[in-house]
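Let's take a friendly walk through a metal site and its neighbouring ligand. Please keep the structure open as you read.

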Amino acid sequence: MTTTLITGGTVVSATGRTQADVLIDGEKIVALVSPGSAALGADLSATADTVIDATGKYVIPGGIDAHTHFELPFGGTEASDTFESGTRAAAWGGTTTVIDFAVQTAGTRVQDGLATWHQKAAGNCAIDYGFHQIVGGVDEDSLKAMEGFVSEGITSYKMFMAYPGVFLSDDGQILRAMQKAADLGLLTMMHAENGPAIDVLAEQLVAQGKTDPYYHGIARAWQMEEEATHRAIMLANLTGAPLYVVHVSAKQAVEQLAWARDKGQNVFGETCPQYLYLSLEDQLGATGDPTWGNFEGAKWVCSTPLRSRAEGHQDHMWQALRTNDLQMVSTDHCPFCMKGQKDLGVGDFRKIPNGIGTVEHRMDLMYQGVVTGELSLERWVELTSTTPARMFGMYGQKGVIAPGADGDVVVYNPNGRTSISVDTHHMNMDHSAWEGYQIDGHVDTVISRGKVIIDGNQYLGAKGDGRFIKRGLSQYLI
Ligand code: DUC
Ligand code: ZN
Ligand code: ZN
């Protein structure tokens, strides 16, 4: 077994920061000791196989991105990152665990969907991974299958109030699944947008000749997100099922979550970097790229959509992260290339595959919240690693630097700089949704279960390093 000692850094957790050296033995963290101390009866820096100097840097638990879609068949094509390329890109950005979504649709079996996702991921991942289960067809068979989720290590599942004919569950189906989830202790994740009404609005816009990507954002109005969020909350209230609303982008949806939480309901929400930084006006309406002209906004077509900055949604998301009205930041990483994928929707925004790729940049983008004073260092770690671990039943093994935890550690350099560009990123995309972003900070070293997989500008990991994580029940519910 090899030992790794990280010396001289500031170890940051969700609850504080301390000067300490971190010792990893094999795959596990075994000790935090006073800087330079000869604890454990030996001069650690003389005996460790690898010594990493983290002087002047932050030592944080590896990032956990609880919302990715690798190889997702969607919108007539397939998300362009494989488990191999996507998890490697995640590693470059300081994320050491992802939770992807296994898919079941109406007329297919949940067990088959899960088996397919295991096949896609097994032996291909650079970092550890878990699965949520999409239940896109609620029927007797899938409701029965939910009884096996916990023993499979799948303790959360997702339903959609959007995408009629693809993933949508109606209110009766949602009610049935939530009743089951409440019995089993499963966390219900919800895509909360009123899909049937959105589809009517979209059809009307296209009939008026409003076919550019910008109108994707108009059709998916915030009222559609607020309404669905409220409906999900009330169905969860009635059934006693805990609820986690994914990719929240409208301030009115946050207000619904805050209202339910204030009443004591077990309701949680995540947002994503795109809803903090990007907007309807600046991105969906963009025309600056001469190759794409009026279609440039397709780069940022995702659902829920980017919202109007003039309406104040982005500021409200930052505020909600500070006040804990929202508890986590994931990416909803769902990349598509412009050529051959997004361009399916030239002339009709409804045909643009929905999704943005951010898995590589989440830790950096959220660190900018620390730089600008929106977040404390501790809150940064909490939002990107510790809460995801607790929310999705991995805490102790992941999400913390403490003896017994997996050796998933990032050395983050606050004095480094990171330029984001399609020319340098590692995601399988022909553009970057974050082109030109300059980050104050840099992921210097990434350690995954004790193995250094990123060392400066070198990737030292390998396909197959990552293992499936069987997750326990959410620690927010017990
Ligand atoms: N939203 C996206 O943007 N892509 C994948 C699925 C989703 O809900
Ligand atoms: Zn969704
Ligand atoms: Zn998603």
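The report below looks at a zinc site and then at the ligand beside two of its residues. Please bear in mind that this is a predicted model.

## The zinc site

Which residues coordinate the zinc ion (ligand 2)? Lys 158 does so through NZ, His 191 through ND1 and His 247 through NE2, at 2.1 to 2.4 Å. Along the chain, these donors follow the spacing K-x32-H-x55-H. His 191 sits in strand β14 (residues 187-191), while His 247 belongs to the loop between β15 (243-245) and α10 (251-262), so the two histidines tie together parts that are 56 residues apart in sequence. Both of these histidines are buried.

The geometry deserves a look too. The site has four donor atoms, with angles of 81 to 128° among them, and is irregular. The reasoning is simple: a tetrahedral site with four donors needs all angles between 85 and 135 degrees, and the range here starts at 81°. A second metal, the zinc ion (ligand 3), is 3.8 Å from the zinc ion (ligand 2).

## The surroundings of ligand 1

His 191 and His 247 turn up again among the residues around ligand 1. That list also includes Phe 74, Phe 160, Tyr 163, Cys 302, Asp 332, Cys 334 and Gly 355.

Where are the polar contacts? The side chain of His 191 places an N or O atom 3.0 Å from an oxygen atom of ligand 1. Backbone atoms take part as well: an N or O atom of Ser 303 is 2.6 Å from a nitrogen atom of the ligand, and a polar backbone atom of Asn 354 lies 2.9 Å from a ligand nitrogen. On its own, ligand 1 has 240 Å² of accessible area, and the protein covers 99% of that.

Note on methods: Residues numbered from 1 in each chain as written. Chains lettered and ligands numbered in written order. Predicted model: local features only at pLDDT ≥ 70, side-chain atom pairs only at ≥ 80, totals over all residues. Heavy atoms only, no water. Donors = N, O, S within 2.8 Å, 3.2 Å for Na, K, Ca; no water. Tetrahedral: all angles 85-135°; square planar, octahedral: opposite > 155°, others 65-115°. Helix = DSSP H or I, 4+ residues; strand = E, 2+ residues; numbered from the N terminus. Buried < 20%, exposed > 50% of the residue type's maximum accessible area, 1.4 Å probe, protein only. Near = heavy atom within 4 Å. Polar contact = N/O pair within 3.5 Å; in protein donor to acceptor, adjacent residues only side chain to side chain. Areas by Shrake-Rupley, 256 points an atom, 1.4 Å probe, with all protein chains shown as cover.
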